[in-house]
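Visitor: I'd like a close look at one part of this model, the open sheet. Could you walk me through how the strands are arranged and what packs against them?

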Amino acid sequence: MTDLFENKVLCKNCNRVMNRGYTIKDGCKLRFLQCPKCNNRIYHPLDLREYEEFCRIRNKEWEVKLRLVGNSFCVSIPKEIIEFEEQFQREINNIIRMTLEEPTKLSLFLSKRKINKQSKRG
Ligand SMILES: [Zn+2]
């Protein structure tokens, strides 16, 4: 199936061919079509859906137990989080990067893809 965004789409207001672009919002890539004349913008429906899904779980808090396994401590990552990050889910034996950001804050990175921390507004 071809992506709607691979076609020429005309602005419903001005009948002009819309340009493709994207913006990064809270770490999510949102592709859009934009009219060069009236700036009417249409976001890609799949990207919007993914962003909404992300918003749904973003500030959710989980309580997980810390377990000692051999010489390491283990925590379980909720399935909901792994399932959201599709790219991560597809690969087996994933490597998770982690950094101790603050004395009590541990960050986990689920994929290698780089996304600007600052969100561009546009
Ligand atoms: Zn227009």
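Guide: Sure, and keep in mind that this is a predicted model. The sheet you're after is an open one with three strands, ordered β1-β2-β3 and paired antiparallel. Its edges are β1 (19–25) and β3 (41–43), each of which pairs on one side only. Going from one strand to the next, the twist averages 35°.

Now zoom in on β1 and its partner. Strand β2 covers residues 28–34 and runs antiparallel to β1, with seven bridges joining the two. If you want a spot to start tracing that pairing, try Lys25, which stands opposite Cys28 in β2. As you trace along, remember that side chains in a regular strand alternate between the two faces of the sheet.

Then there's the helix. Packed on this sheet is α1 (residues 45–57), which touches β1, β2 and β3. Compare directions and you'll find that α1 makes about 145° with β2.

For a bit of contrast, scroll along to β6 and β7. Together they form a hairpin, with two residues between the strands. Strand β7 spans residues 105–109 and runs antiparallel to β6, and five bridges join the pair. One of the partnerships to look for is Met98 with Leu108 in β7. As for cover, β6 (residues 97–102) has hardly any: of its six residues, the number that count as buried is zero. Buried here takes 20 or more other C-beta atoms within 10 Å of a residue's own.

Key:
Residues numbered from 1 in each chain as written. Predicted model: local features only at pLDDT ≥ 70, side-chain atom pairs only at ≥ 80, totals over all residues. Buried ≥ 20, exposed ≤ 12 C-beta atoms within 10 Å, placed from the backbone. Helix = DSSP H or I, 4+ residues; strand = E, 2+ residues; numbered from the N terminus. Pairing = 2+ DSSP bridges. Axes fitted to C-alpha atoms, helices over the stretch in contact; angles between N-to-C directions. Contact = placed C-beta atoms within 7 Å.
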